[in-house]
Amino acid sequence: MCGIFAYLNFNVSRERSYILQLLFNGLRRLEYRGYDSAGISIDFSHEASTVPLVFRQEGNIETLVKSVYKEVGATNLNLEESFSTHAGIAHTRWATHGEPAPRNSHPQTSDLKNEFLVVHNGVITNYEVLKETLVRHGFTFESETDTEVIPKLAKFIFDNANEEGDKSMTFSQVVLEVMRHLEGAYALVFKSRHYPNELIACKRGSPLLLGVKELTEQTNNGTSFNDVKYLSSNGQPKEFFFSSDASALVEHTKKVLVVEDGEVVHLKDGGASIFKFNHIKGKRGGTFTRLPSIERALSVLEMEVEQINKGKYEHYMQKEIHEQPESLTTSMRGRLLRGGSCKVKSVLLGGLKDHLKTIRRSRRIVFIGCGTSYNAALASRPILEELTGIPVTMEIASDLLDRQGPIYREDTAIFVSQSGETADTLLALEYALENGALCVGITNTVGSAIARNTHCGVHVNAGCEIGVASTKAYTSQIVVMVMLALAIGGDTLSSQARREAIIDGLFELPSKVKEVLKLDEEMRDLARLLIAEQSLLVFGRGYNHATALEGALKVKEVSLMHSEGMLAGEMKHGPLALVDETLPIVVIAPRDTCFSKQQSVIQQLHARKGRLIVMCTKGDAASVCVGGSCRVIEVPQVEDCLQPVINIVPLQLLAYHLTVLRGYNVDQPRNLAKSVTTQ
Ligand code: UD1
Ligand code: BG6
């Protein structure tokens with residue numbers, strides 16, 4: 001979805017070409033989120049005043065880069081001109097209101113002179129009313145976006161104040177006034193020719209970070225620093241960055257301020273002033289107070305620059321598939337306890353320990369998520385039911401909202417989300433909070449809206465995931481939820497052996513994943529075989545119902561081949577009609593309690609001359625293919641509840657290779673976004 005990046009250098013000389021490159025690189029870091037147009041604004045000095053220039057293009061960042069340099073050449077704009085202070089803004093847009101086109105891209109502007117410019121993530125829900133009012137006051141609109149009302153409203157407020165003789169209105173006063181009129185979810189960055197070298201950011205709902213880099217403190221290793229000094233106007237040379245995504249900041253600085261809902265951050269004269277919007281309940285509008293810098297502490301990003309680079313891999317998806325042994329290890333680090341004097345094997349989830357009693361008393365556990373996160377919850381459901389004895393129900397976030405399904409005070413609602421920002425999951429969280437349920441988050445993004453708004457939770461710690469198709473986050477989510485089941489489930493004598501076997505299995509899991517990754521070549525061969533197919537079915541059951549859904553989702557989202565994951569128990573109730581000699585069908589049949597049922601499924605498919613690819617436990621190839629010929633994918637066996645982590649890997653590899661062979665974009669599949677922040 002949309003991405004924001006902004007850069008302000010203070011008291012440090014930067015050439016225009018440097019500023020442009022920095023903004024473009026910021027946009028490249030946001031690319032993975034999904035977008036269809038992009039734009040930037042930088043300054044141009046004209047007759048002793050600063051004029052913001054706007055460049056916007058439909059298509060990818062490189063198209064924008066080319067068009068900017070072309071225009072720069074045509075207008076003789078000096079790339080070597082230096083600015084000791086300069087404010088630049090940039091944006092990637094994922095079309096919601098209006099087609100992808102330069103006029104609908106951001107920055108959106110107040111007028112031809114670019115008096116006020118805005119980049120926006122989110123949706124302004126009352127934009128039509130605001131637009132009508134502004135049109136009545138003589139404003140004309142060039143885009144179909146909801147965003148355009150924002151810079152125009154800023155100009156309207158600024159002009160009115162000036163007409164009334166108030167020439168002292170500050171940039172933050174203008175923005176605070178704008179914010180009072182906006183409804184919906186947003187993260188915004190403003191730039192204005194009336195307030196050169198200043199930037200203002202504010203947010204409600206959508207994520208936004210401020211990154212700060214003090215240039216004189218090169219010796220500071222980042223372990224301790226003085227937040228007040230970083231945010232105050234002390235004349236020190238500094239660089240400030242705003243971004244909707246930590247991955248665009250980490251190469252510049254790890255010192256960030258997570259902007260909270262209702263906050264306005266004003267960058268001016270090398271300092272950052274923070275204002276807080278105090279909403280008046282039940283009414284639009286509210287009041288603002290200025291927060292002393294000391295009240296807002298900077299945090300240190302736990303991300304490493306290597307995480308956002310492809311390293312030796314060609315694509316992020318490929319890298320993220322192959323780094324699963326490490327990401328799983330990180331997800332479990334410090335949380336599994338084995339041995340010691342008492343030799344007890346147990347799980348410690350720091351974020352949940354104070355809430356376990358309440359969760360154990362719940363009448364029901366409800367898993368809520370979308371896409372891959374929903375599938376990960378589905379894979380974990382059986383072990384949660386087995387170890388806790390609490391009924392577990394599954395909810396796709398949008399469906400729960402559509403139905404306004406019942407959620408009770410006695411429920412524990414578990415929100416599973418890689419990004420922690422998915423709009424449907426977030427709205428379902430609000431709904432569950434209103435209904436009084438205990439809300440638990442399973443998120444991969446520290447500081448995300450879901451992590452902040454849940455009562456408690458567990459961070460997945462899989463590391464930054466850039467490929468739109470979720471891979472390592474999926475396997476880490478399952479592992480975290482298995483640990484969650486162990487933590488909630490009582491440590492009874494009868495379950496002790498089972499619990500210990502699972503904990504041993506978790507310890508061994510990264511090495512088993514390493515083993516299954518050796519199927520890479522084999523999966524490429526299979527992809528070659530399937531390259532021209534129209535469709536692929538995947539049958540699974542029990543723990544691997546989720547593997548079937550997730551495997552099919554991977555194939556469909558990146559390789560653009562139609563693919564459906566199905567519950568094998570439902571095969572005779574419809575899907576069997578599709579079976580013939582041509583349609584490829586993957587049957588997942590590991591040695592677990594469903595094995596004999598899957599053997600019977602395979603025989604029934606053979607009887608209809610089905611074209612089978614069977615995934616089975618190592619050594620089972622001969623026994624699973626009784627009754628016909630089939631291609632076999634042999635995988636290492638692990639504890640049944642962990643088998644989905646192993647079984648998804650060959651299907652991730654298959655989806656990856658199919659996509660590369662079919663010539664599609666692996667990391668940014670057509671029409672998809674990494675995190676879907678609109679409904
Ligand atoms: C925490 C620290 C980790 C440190 C460890 C040492 C963080 C983010 N994690 O990890 O760096 O090494 O202690 O003891 O500082 N939470 C939610 N909702 C969510 C996710 C998490 O409310 O969706 C809450 C948790 O309830 C907890 C906090 O966020 O209060 C941190 O959660 P988590 O990182 O999982 O905790 P630890 O693993 O203990
Ligand atoms: C999008 C992503 O559809 O949102 C998927 O492309 C993801 O990969 C889904 O599974 C849910 O996102 P999240 O961040 O809530 O897990």
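Q: Which way do I read the crossing of α3 and α4: left-handed or right-handed?
A: This is a predicted model, so take what follows as a reading of that prediction. In a left-handed crossing, the near helix is turned anticlockwise from the far one by less than a right angle. Here α3 passes α4 in just such a left-handed crossing.

Q: At what angle do the axes of α3 and α4 cross?
A: Helix α3 covers residues 127-136, and its axis crosses that of α4 at roughly 45°. The two axes come within 10 Å. An angle under 35 degrees would count as roughly parallel, and 65 to 115 as roughly perpendicular. This pair fits neither, so α3 is oblique to α4.

Q: Which residues make the contact of α3 and α4?
A: On the α3 side, look for Y127, L130, K131 and L134. On the α4 side, find V149, K152, L153 and F156. Sort them by class and you get six nonpolar, no polar and two charged residues.

Q: And α4 with α5: at what angle do they pack?
A: Helix α4 (residues 149-163) packs on helix α5 (residues 171-181) at about 125°, with the axes 9 Å apart. Angles over 145 degrees count as roughly antiparallel. At about 125° the pair doesn't get there, so α4 is oblique to α5. The crossing of this pair is right-handed.

Q: Which residues of α4 and α5 should I click on to see the contact?
A: Try I150, L153, A154, I157 and F158 of α4, then V174, E177, V178 and H181 of α5. By class, that contact has seven nonpolar, one polar and one charged residues. Notice L153, listed here and also in the contact with α3.

Q: How do α1 and α2 pack, and how far apart are their axes?
A: Helix α1 is residues 16-30 and helix α2 is residues 61-74; they pack at about 165°, with their axes 10 Å apart. The cut-off for roughly antiparallel is over 145 degrees, and α1 and α2 are therefore roughly antiparallel to each other. Their crossing is right-handed. From α1 come L20, Q21, F24, L27 and R28, and from α2 come I61, E62, L64, V65, V68 and Y69. That contact has eight nonpolar, one polar and two charged residues.

Q: On to empty space: how many cavities of 30 Å³ or more are there?
A: A cavity is space where a 1.4 Å probe fits but cannot get out. The count here is two. The largest has a volume of about 90 Å³, and the second largest about 60 Å³.

Q: What residues line the largest cavity?
A: Its lining is M1, C2, R33, W94, T96, N121, G122, S206, P207, T677 and T678. These divide into four nonpolar, six polar and one charged.

Q: And which residues line the second largest cavity?
A: There you'll find C2, R93, T96, H97, H106, H120, G122, T145, D146 and T147. This lining has one nonpolar, seven polar and two charged residues. C2, T96 and G122 appear in the linings of both cavities.

Q: What is the volume of the largest pocket?
A: A pocket, unlike a cavity, is an open set of points. The largest pocket here has a volume of about 1,100 Å³. It is lined by 43 residues, and M303, N444, T445, V446 and C464 are the closest to its centre. Elements giving two or more residues to the lining are β13 (255-258), β17 (299-300) and α8 (324-332). Of these, α8 gives the most, with three residues. By class, the lining splits into 14 nonpolar, 16 polar and 13 charged residues.

Q: What should I look for in the backbone itself?
A: Most residues other than glycine have a negative phi, and most peptide bonds are trans. Two places here are worth a look. A cis peptide bond joins H106 and P107, with omega about 5°. P107 sits in the loop between β6 (86-93) and β7 (108-109), while H106 is also one of the residues lining the second largest cavity.

Q: Where does N11 lie?
A: N11 is in the loop between β1 (3-10) and β2 (14-15). Its phi is near 60°, a positive value in a residue other than glycine.

Conventions
Residues are numbered from 1 along each chain as its sequence is written. Chains are lettered from A and ligands numbered from 1 in the order in which they are written. This is a predicted model: local features need pLDDT of at least 70, side-chain atom pairs count only at pLDDT 80 or more; totals for chains, interfaces and linings use all residues. Side-chain values use heavy atoms; hydrogens and water are left out. Axes are lines fitted to C-alpha atoms, for helices over the stretch in contact, and angles run from 0 to 180 degrees between N-to-C directions. Helices (H or I, at least four residues) and strands (E, at least two) are DSSP runs, numbered from the N terminus. Contact means heavy atoms within 4.5 Å. Ala, Val, Leu, Ile, Met, Phe, Trp, Tyr, Cys and Pro count as nonpolar, Asp, Glu, Lys and Arg as charged, and the others, Gly among them, as polar. On a 1 Å grid over the protein atoms alone, a cavity is a set of points where a 1.4 Å probe fits but cannot get out, and a pocket is an open set with protein on both sides within 12 Å along at least five of seven lines; lining residues have an atom within 4 Å of a point. Grid points are joined across faces, edges and corners, and a volume is the space filled by probe spheres set on the points.
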